[in-house]
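Subject: The structure I promised you

Hello,

Here is the structure we talked about, with my notes underneath. Please open it next to this email and follow along.

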Amino acid sequence: MRVLFSCTASDGHFMPLVPLARAFVARGDEVVFATAGGFAGRVGGFGFDVLPAGLTVVELNERYAPFRERLATIPFDERRAHAFAWRFAGLDAPAKVAGLLDHARSWAPDLIVHESSDLAAPAVATAVEVDSAHHTFGLGLPRVCLDRAVPALESLWHKLGLEPEPHGGLFRGTYIDVGPPSLMPAEPPAGTHVVPLRPATRGSAPAEWQERLGGDKPVVYVTLGTHFNGPDRFALLLEAVGAVDCTAVVTVGADQDPAALRPPAHMIVERYIPQADVLPLTDAVVCHGGSGSMLAALAHGLPLVLLPAGADQFENAGACSRAGAAIELRPPSVTVDSIRSAVTSVLEDGTFAEAAEGLAAEIERMLTPAEVAAILS
């Protein structure tokens, strides 16, 4: 079987696809990724070949710059729908569709698996008469995102000689949902074939980290992902978490210098650490509310302090807060005192950990990547 995975050139959109892609490879199937050529090194680092299609990060940033200014004038809770339509329907999909269509015709996949923001893939799959599967990277798209994005996709379908399908074709095939049911992810249309895929699993930390974090103090893992990780935000976090009686493990990203932050002695600050290495030894997580970090923490039953800044982070933070597994802090209430108080609360108030453990049990009951690959074959 030949499976073409199509995604936006970003870790938050690529990484959730990796477990299923590896499951297909383990079965002996052929797998390639269609994404921007500038992202090929990242994808290739996981052992996958790349068929280049779509905007590079540099190209996207140049074209999206005017929209960022407009976005700043919109209330937080309304920003995602505008940003989703402007970026993924207005910029990414039109720039990717021709290249993706060429690859689909020449490589001739039996199945196209695309993430929620890759809006060119359903039209291309329809054009080449191939089955497609929609793989979420988090809790699923809110209806308002689709309502804004779908009309902008109609011309793309027409240029391919196709009549636009309902919902941009996103639900024409199997819907692979990585959202735990209790977080109330967005519901797909009635009649959609839904397959729940476990987004993350608990593991065991390597001996190195067991030794480094083997003290009596609670461990707090801190990350801000790759897009909202400026030095000022980290300086605030280090001061706040540094005032809590804990051991903190902080990852700042490849574009930040840990030494420049001058962390306290009881903090471990590095550019990158695999979450799987530290989460098994962690008692709480402080993060931006990105889907990957959030779901990985919940899979380990860890309570969260969430500091959403954009994209899907506000929906994620709200869902975790309503489920009782997190404290959400929104601008402008993100201060040293509020962060310190929230971290102390999730460490000392057992109800947060209890709710997170409940979500971990839900995640454990979801299907494994191997089971989902078998269903799609």
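Contact here means heavy atoms within 4.5 Å. Please also keep in mind that this is a predicted model.

With that cut-off, L295, L298 and A299 of helix α11 meet A356, L359, A360 and I363 of helix α14. By class, the residues of this contact split into seven nonpolar, no polar and no charged. The two helix axes come within 7 Å and cross at roughly 95 degrees. Angles of 65 to 115 degrees count as roughly perpendicular, and α11 and α14 are therefore roughly perpendicular to each other.

Next, the sheets. One is an open sheet of seven strands in the order β3-β2-β1-β4-β5-β6-β7, with parallel pairing. Its edge strands are β3 (49-52) and β7 (194-196), each pairing on one side only. From one strand to the next, the twist averages 25 degrees. Within this sheet, β1 (residues 2-6) and β4 (residues 111-115) pair in the parallel sense over four bridges, and F5 has V113 in β4 as its bridge partner.

Another open sheet has six strands, ordered β10-β9-β8-β11-β12-β13, and its pairing is parallel too. Here β10 (267-270) and β13 are the edge strands, and each of them pairs on one side only. The twist in this sheet averages 15 degrees from one strand to the next. Strands β9 (residues 247-251) and β10 are joined in the parallel sense over four bridges; the partner of T251 in β10 is E270.

Helix α13 (residues 336-348) lies across β8 (219-223), β11 (284-287), β12 and β13, and runs at about 155 degrees to β12. R340 sits in this helix. Is R340 buried or exposed? Neither label fits: its relative accessibility is 28%, so R340 counts as partly exposed. Setting aside residues up to four places away in sequence, R340 touches A240, A243 and V244. R340 and M366 are 26 residues apart in sequence, and their C-alpha atoms are 34 Å apart in space.

Now to the inside of the protein. In soluble globular proteins, nonpolar side chains tend to be buried together. In this model, the largest nonpolar core has 61 residues, and F5, L20, F24, F33, V249, L298 and L304 touch the most other members. Helix α11 gives the most to this core, with six residues. There is also a second, separate core of 36 residues, with A93, W107, I112 and L170 among them.

L304 deserves a look of its own. Leaving out its neighbours within four places in sequence, L304 is in contact with V285, C287, M294, A297, L298, C320, A325, A326, I327 and V346.

One of those partners, C320, brings us to helix α12. How many of the ten residues of α12 (residues 313-322) are buried? Seven are, and the helix is mostly covered. The buried residues are Q313, F314, N316, A317, G318, A319 and C320. They pack against α5 (76-107), α11 (291-299), β12 (304-306) and β13 (326-328). Just after α12 comes G324, with a positive phi of about 85 degrees.

Happy to go through any of this with you on screen.

Best wishes

Note on methods. Residues numbered from 1 in each chain as written. Predicted model: local features only at pLDDT ≥ 70, side-chain atom pairs only at ≥ 80, totals over all residues. Heavy atoms only, no water. Buried < 20%, exposed > 50% of the residue type's maximum accessible area, 1.4 Å probe, protein only. Core = buried A, V, L, I, M, F, W, Y, C linked by side-chain atoms within 4.5 Å. Axes fitted to C-alpha atoms, helices over the stretch in contact; angles between N-to-C directions. Parallel < 35°, antiparallel > 145°, perpendicular 65-115°, else oblique. Nonpolar A, V, L, I, M, F, W, Y, C, P; charged D, E, K, R; others polar. Pairing = 2+ DSSP bridges.
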